[in-house]
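Subject: Handover of a structure, with notes

Dear colleague,

I am passing the structure below on to you, together with some notes on what was found in it. Please look through the sequence and the model first, and then read on.

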Amino acid sequence: MRRGPAIGLGVLLILVGALWTGQGLGYVGGSFMTGQKLWTAIGLLCVVGGGALVLALLRKR
């Protein structure tokens, strides 16, 4: 996978993970995910995974 799309994927994972974390914590309403601790955990895993991907790709320079 080329660096540009991979960094984009990492950023997308961070953004989606932040949204899911917000929904799981009840800050973002209007979804079946609102207030569910499962989505908080899934969101945090996405944020950490996306951040690790971006950092790993930026360090390879």
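A good place to begin is Val28, which is found in the loop between helix 1 and helix 2, where helices are DSSP runs of H or I with at least four residues, strands are runs of E with at least two, and both are numbered from the N terminus. Before going further, please note that this is a predicted model, in which local features need pLDDT of at least 70 and side-chain atom pairs count only at pLDDT 80 or more, while totals for chains, interfaces and linings use all residues. Residues are numbered from 1 along each chain as its sequence is written, and side-chain values use heavy atoms, with hydrogens and water left out.

Val28 has a relative accessible area of 30% and is therefore partly exposed, given that buried means under 20% relative accessible area, exposed means over 50%, and partly exposed is in between, with a 1.4 Å probe and protein chains only. If its neighbours within four places in sequence are left aside, Val28 is in contact with Leu19, Gly22, Gln23 and Thr34, contact being heavy atoms within 4.5 Å. Val28 and Thr40 are 12 residues apart along the chain, and their C-alpha atoms are separated by 12 Å.

The chain as a whole

The protein chain has two helices and zero strands, and its C-alpha trace spans about 40 × 15 × 15 Å along its principal axes. Of its 61 residues, 26% count as buried. Among the contacts between residues at least 6 apart in sequence, 48% join residues at least 24 apart.

The two helices

Helix 1 covers residues 3–25, and its 23 residues should span 33 Å at 1.5 Å a residue, which agrees with the 33 Å between its end C-alpha atoms; the expected span is 1.5 Å times one less than the number of residues. Helix 2 covers residues 37–59, and for its 23 residues the expected span of 33 Å likewise agrees with end C-alpha atoms that are 33 Å apart.

Which residues of helix 1 are buried? They are Ala6, Gly10, Gly17, Thr21, Gly22, Gln23 and Gly24, and these buried residues pack against helix 2. In helix 2 the buried residues are Trp39, Thr40, Gly43, Cys46, Gly50, Gly51, Val54 and Leu57, and they pack against helix 1.

The two helices pack at an angle of about 155°, with their axes 7 Å apart; here axes are lines fitted to C-alpha atoms, for helices over the stretch in contact, and angles run from 0 to 180 degrees between N-to-C directions. Helix 1 and helix 2 are therefore roughly antiparallel to each other, a label for angles over 145 degrees, whereas those under 35 count as roughly parallel, 65 to 115 as roughly perpendicular and the rest as oblique. By class, the contact of helix 1 with helix 2 has 18 nonpolar, eight polar and two charged residues, where Ala, Val, Leu, Ile, Met, Phe, Trp, Tyr, Cys and Pro count as nonpolar, Asp, Glu, Lys and Arg as charged, and the others, Gly among them, as polar.

Some residues of helix 1

Gly22 lies in helix 1 and is buried, with a relative accessible area of 9%. Neighbours within four places in sequence aside, Gly22 is in contact with Tyr27 and Val28, and its C-alpha atom is 8.9 Å from that of Gly35, which is 13 residues away in sequence.

Gly24 is also placed in helix 1, where it is buried with a relative accessible area of 7%. Beyond its neighbours within four places in sequence, Gly24 is in contact with Met33, Gly35, Gln36, Lys37, Trp39 and Thr40. Gly24 and Leu44 are 20 residues apart in sequence, and 9.9 Å apart in space from C-alpha to C-alpha.

Val16 lies in helix 1 as well, but is partly exposed, with a relative accessible area of 28%. The C-alpha atoms of Val16 and Val47 are separated by 7.8 Å, although the two residues are 31 apart along the chain. Finally, just after helix 1, Gly26 takes a positive phi of about 90°.

With best wishes
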